[in-house]
2 protein chains.
Amino acid sequence: MTVRLVDIAEHLGISVSTVSRVINGKDRVKDETRKRVLEAVEELQYRPNEIARSLRYQNSMTIAVIVPDLSNNFFNLLTKGAATAAKEDNYLTILCNSDYDQKMEQEYMNLLVQKQVDGVILATVCKEKDYFENIITDDMPVVFVDNLPDVDLDFNYVTIDNERAAYDLTAHLIQQGYEDIAVLTGSLHETSAVKRLQGWENAMKSHDMTINQQFIGVGDFRIESGYNMMASMLNRRKRPDAVLAANNYLAYGAIRAAQDKGLLIPDDLYVVCFDAVDKTGLININIPSIIQPAQKIGEVAAETLVKRITDKNYTLYDNIILEPIFKG
Amino acid sequence: MTVRLVDIAEHLGISVSTVSRVINGKDRVKDETRKRVLEAVEELQYRPNEIARSLRYQNSMTIAVIVPDLSNNFFNLLTKGAATAAKEDNYLTILCNSDYDQKMEQEYMNLLVQKQVDGVILATVCKEKDYFENIITDDMPVVFVDNLPDVDLDFNYVTIDNERAAYDLTAHLIQQGYEDIAVLTGSLHETSAVKRLQGWENAMKSHDMTINQQFIGVGDFRIESGYNMMASMLNRRKRPDAVLAANNYLAYGAIRAAQDKGLLIPDDLYVVCFDAVDKTGLININIPSIIQPAQKIGEVAAETLVKRITDKNYTLYDNIILEPIFKG
DNA sequence: CATTATTGTAAAAACGTTATTACAAGTTAA
DNA sequence: TTAACTTGTAATAACGTTTTTACAATAATG
């Protein structure tokens with residue numbers, strides 16, 4: 001049986017309130033009484049029941065992180081950063097893997113509201129307006145990461161400038177002299193996919209490059225998608241000589257497809273992408289890449305969220321754009 | 001302001017208990033009353049407060065997963081599997097990243113007890129006896145994964161047979177004709193490190209191979225450790241011609257060290273290890289490997305934990321050894 | 001018609017905290 | 001010495017549920 005406040009009180013023959021006051025240290029208690037209480041707490045191994053405390057205080061000291069896929073490097077780093085930073089502020093973190101499924105994401109959101117979590121870090125898989133009118137309320141603070149909702153409402157987010165990063169990568173390709181530049185991106189329900197596509201398009205246009213509709217691949221952010229899209233591009237008569245992949249998995253798939261067709265990387269197809277971090281150190285293909293500070297994004301998101309939770313005056317507009325690094 | 005049971009009751013001019021009975025469907029209510037309640041629930045957007053429910057029911061419908069490092073592929077797959085399976089059983093999952101730090105792990109355990117989580121999946125970083133006498137109690141169910149405590153107490157776990165797997169890998173090396181076989185393993189505070197070392201040793205002995213103490217490397221499970229240990233082995237006059245690495249990161253580090261010395265893999269150093277899953281498809285070095293079913297381990301651990309939580313008669317001895325696959 | 005079942009609802013107690021209010025005892029000031 | 005403060009503690013009312021007990025009103029039985 002677990003030890004409650006009243007057990008300590010009975011054990012010492014004093015009232016519950018006195019014990020509580022000792023433990024919370026908010027009010028004055030005679031030194032001798034305090035000492036006896038602390039000893040009893042130690043002896044009986046009393047641990048305050050956080051559930052009861054939450055009910056009383058109307059907060060749960062818990063946040064949640066919703067990500068599409070925890071086995072994706074970007075998301076597990078982000079999650080790790082968030083959980084670590086949250087812990088610093090005495091929050092525990094509930095993990096939700098939405099599996100790239102909007103319905104599951106929504107279901108988690110509802111569960112979390114009932115669970116009275118104090119806030120959510122959301123890497124959503126859907127940018128559509130109507131979906132968010134229920135989510136962005138004053139009831140529960142949400143900080144968006146990676147993908148942002150496409151609404152006029154105010155909301156907090158932590159991200160990089162995806163459009164600019166994609167622009168820079170594309171400009172890099174153009175400067176190197178590539179002419180038939182393709183792009184592979186994820187689902188257009190996700191703003192990261194859209195922004196990166198736009199960055200590519202803007203760079204192409206502002207450098208007077210011709211945009212070949214055949215060279216625009218829209219799929220999802222997984223490796224198979226990259227493989228399939230590139231394989232079908234390479235089946236055509238006119239092949240791209242370079243490609244911007246909107247994330248590392250698309251790039252890996254694309255490279256695989258090219259290699260399976262007997263092409264050489266980067267001679268026959270030059271690939272650049274986002275987030276190609278080689279954790280093994282064994283990949284000898286060079287994939288120039290914009291690396292998002294994933295763990296940092298998670299940390300900053302958690303810190304931002306905690307600010308919003310604890311400080312009602314925290315400015316909604318105070319959003320954060322982090323700088324990625326270029327590795328080529 | 002959030003809507004409570006009593007708000008619905010007042011809105012309809014009936015008692016709280018009736019509303020509660022409709023929502024929980026446990027007792028009979030007049031059809032018309034039920035209908036009115038359900039409409040009001042919809043209209044006022046009532047969502048039961050899970051905190052209050054937890055206090056009443058004395059359970060939180062929450063489990064926790066403690067892992068050393070979420071950015072390690074094995075652990076993020078495990079965590080993903082656990083969270084997904086837990087969700088199936090209506091449990092949410094709190095994520096704790098211990099950062100390979102026993103103190104932090106312990107700290108998390110204490111927090112989780114206070115938080116009244118219903119159970120914990122623990123990938124501990126310490127096997128030592130005394131540490132666990134507080135942890136393995138009847139108070140809170142724990143299911144161990146990856147590393148097991150080194151105690152006589154009964155506890156639940158889900159794992160592969162590490163010793164046998166290491167034995168098999170080593171035997172594989174011996175059969176291929178390698179003679180100077182090294183081993184790299186993690187901290188001996190972790191049973192996975194110990195068991196894999198023992199498997200190597202047993203295989204060597206039972207095949208009458210000479211065990212060179214210089215060829216035994218004990219560090220931690222991270223890539224730098226693999227690099228450093230292998231680098232120092234390769235600095236000696238007598239070099240190994242093959243090595244068993246106790247996980248993929250050790251292997252990557254070792255390969256890197258060999259390559260930096262100008263050696264060729266696998267010609268000059270044949271490397272086998274645990275869990276070398278190439279998510280990129282771009283690694284063209286073949287690393288024969290025993291692959292643990294990481295996600296499955298997480299799923300089974302969560303299912304086992306839920307069984308222990310809900311069914312007090314669930315046999316403590318009913319533990320699970322999953323089969324890894326060999327990929328070479 | 002009187003008695004016994006059945007059905008629907010309400011009131012209250014509990015889960016374990018904490019904050020507010022109240023009050024006794026001790027201390028200082030007039 | 002009486003009035004006004006301090007100081008330490010107790011009792012109580014929340015926080016939002018659910019379950020138990022009790023009691024009406026209605027229906028079924030003799």
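This tour visits DNA strand D and then one threonine of chain A. The model is predicted.

**Stop 1: DNA strand D**

Select DNA strand D and the protein around it. The strand is surrounded by 26 residues, and the closest are A:Ser15, A:Arg21, A:Thr33, B:Arg53 and B:Arg56. Of the strand D atoms that come within 4 Å of the protein, 67% belong to sugar and phosphate. Now colour the surface near the strand by residue class. Nine of its residues are nonpolar, nine are polar and eight are charged.

**Stop 2: the helices**

Show helix 2 (16–24) and helix 4 (50–57) in chain A, then helix 2 (16–24) and helix 4 (50–57) in chain B. Each supplies at least two residues of the surface near DNA strand D.

**Stop 3: individual contacts**

Which atoms of the strand pair with these side chains? Pick A:Thr33: an N or O atom of its side chain is 2.7 Å from a phosphate oxygen of DNA strand D. Then pick A:Thr18, where the side-chain N or O atom is 2.9 Å from a phosphate oxygen of the strand. Switch to B:Ala52. Here a backbone N or O atom lies 3.4 Å from a base nitrogen of DNA strand D.

**Stop 4: A:Thr62**

Move to strand 1 of chain A (residues 62–67), where A:Thr62 lies. Is A:Thr62 buried or exposed? Its relative accessible area is 6%, under the 20% cut-off, so A:Thr62 counts as buried. Its side chain reaches the backbone oxygen of A:Ser60 at 2.9 Å. A polar contact of 3.1 Å also joins the side chains of A:Thr62 and B:Lys115. Leaving out residues up to four places away in sequence, A:Thr62 touches several others, among them A:Tyr91, A:Leu92, A:Ile94 and A:Val117.

Methods:
Residues numbered from 1 in each chain as written. Chains lettered and ligands numbered in written order. Predicted model: local features only at pLDDT ≥ 70, side-chain atom pairs only at ≥ 80, totals over all residues. Heavy atoms only, no water. Helix = DSSP H or I, 4+ residues; strand = E, 2+ residues; numbered from the N terminus. Buried < 20%, exposed > 50% of the residue type's maximum accessible area, 1.4 Å probe, protein only. Polar contact = N/O pair within 3.5 Å; in protein donor to acceptor, adjacent residues only side chain to side chain. Contact = heavy atoms within 4.5 Å. Near = heavy atom within 4 Å. Nonpolar A, V, L, I, M, F, W, Y, C, P; charged D, E, K, R; others polar.
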